[in-house]
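Welcome, and please open your viewer. We will begin with the whole chain and then move on to a few side chains.

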Amino acid sequence: MLYKKALEAKKISGAASYYAAEAREAGRLLKAKQRERQMELFTEANAHKSRNQLDLHFLTTAEAIKELSHFISYREASLR
């Protein structure tokens with residue numbers, strides 16, 4: 001909706017920039033909430049797993065790789 005307003009406001013000085021900035025901020029907030037919820041789901045999914053299991057569902061590929069790296073590092077440290 002904000003994107004559409006920005007397109008419509010091209011003729012009004014500064015309005016298009018304002019709506020574009022609002023749309024970027026709304027997108028940033030949405031992504032932050034999505035990441036937060038994904039991590040909540042990830043934590044819940046792994047709460048009752050054995051210490052040798054890791055459920056990477058709900059995470060993006062980059063986040064899954066990061067969490068897997070932490071998991072492996074933690075397990076390697078516990079073997080020493």
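**First stop: the whole chain.** Keep in mind that this is a predicted model. Show the protein chain as a cartoon and you will find three helices and zero strands. Going along the sequence, the pattern reads α-α-α.

**Second stop: the outline.** Switch to the C-alpha atoms and turn the view along the principal axes: these atoms fill a box of roughly 65 × 20 × 15 Å. How does the radius of gyration of the protein chain stand against that of a compact globule of 80 residues? The globule would have a value near 12 Å, while the protein chain has 20 Å. Contacts add to this picture: among those with a separation of 6 or more, 15% join residues 24 or more positions apart.

**Third stop: the surface.** Now turn on a surface. The accessible area of the protein chain comes to about 6600 Å², and carbon and sulfur atoms account for 58% of that area. Of the 80 residues, 15% count as buried.

**Fourth stop: the charges.** Colour the side chains by charge. You should find 15 positive and 10 negative ones in the protein chain, with the centres of the two sets lying 5 Å apart. Side chains of opposite charge can pair when their charged atoms come close. How many salt bridges does a search of the whole structure find? The search finds two, and we will visit each of them.

**Fifth stop: Glu-25 and Arg-28.** Select helix H2, residues 15-46, and show these two side chains, which both belong to that helix. Glu-25 forms a salt bridge with Arg-28, and the closest N and O atoms are 2.6 Å apart. The two residues sit three positions apart in the sequence, about one turn of the helix. Are they buried, exposed or in between? Glu-25 is partly exposed, with a relative accessible area of 35%, and Arg-28 is partly exposed as well, at 47%.

**Last stop: Arg-37 and Glu-40.** Stay on helix H2 and select this pair, whose members are three residues apart, about one turn of the helix. Here Glu-40 forms a salt bridge with Arg-37, with 3.1 Å between the closest N and O atoms. Glu-40 has a relative accessible area of 34%, which makes this residue partly exposed. Arg-37 is partly exposed too, with a value of 40%.

Technical notes
Residues numbered from 1 in each chain as written. Predicted model: local features only at pLDDT ≥ 70, side-chain atom pairs only at ≥ 80, totals over all residues. Heavy atoms only, no water. Helix = DSSP H or I, 4+ residues; strand = E, 2+ residues; numbered from the N terminus. Rg over C-alpha atoms; globule rule 2.2 N^0.38 Å. Buried < 20%, exposed > 50% of the residue type's maximum accessible area, 1.4 Å probe, protein only. Contact = heavy atoms within 4.5 Å. Areas by Shrake-Rupley, 256 points an atom, 1.4 Å probe, with all protein chains shown as cover. Lys, Arg positive; Asp, Glu negative; His and termini not counted. Charge placed at Lys NZ, Arg CZ, Asp CG, Glu CD. Salt bridge = Lys/Arg side-chain N within 4 Å of Asp/Glu carboxyl O.
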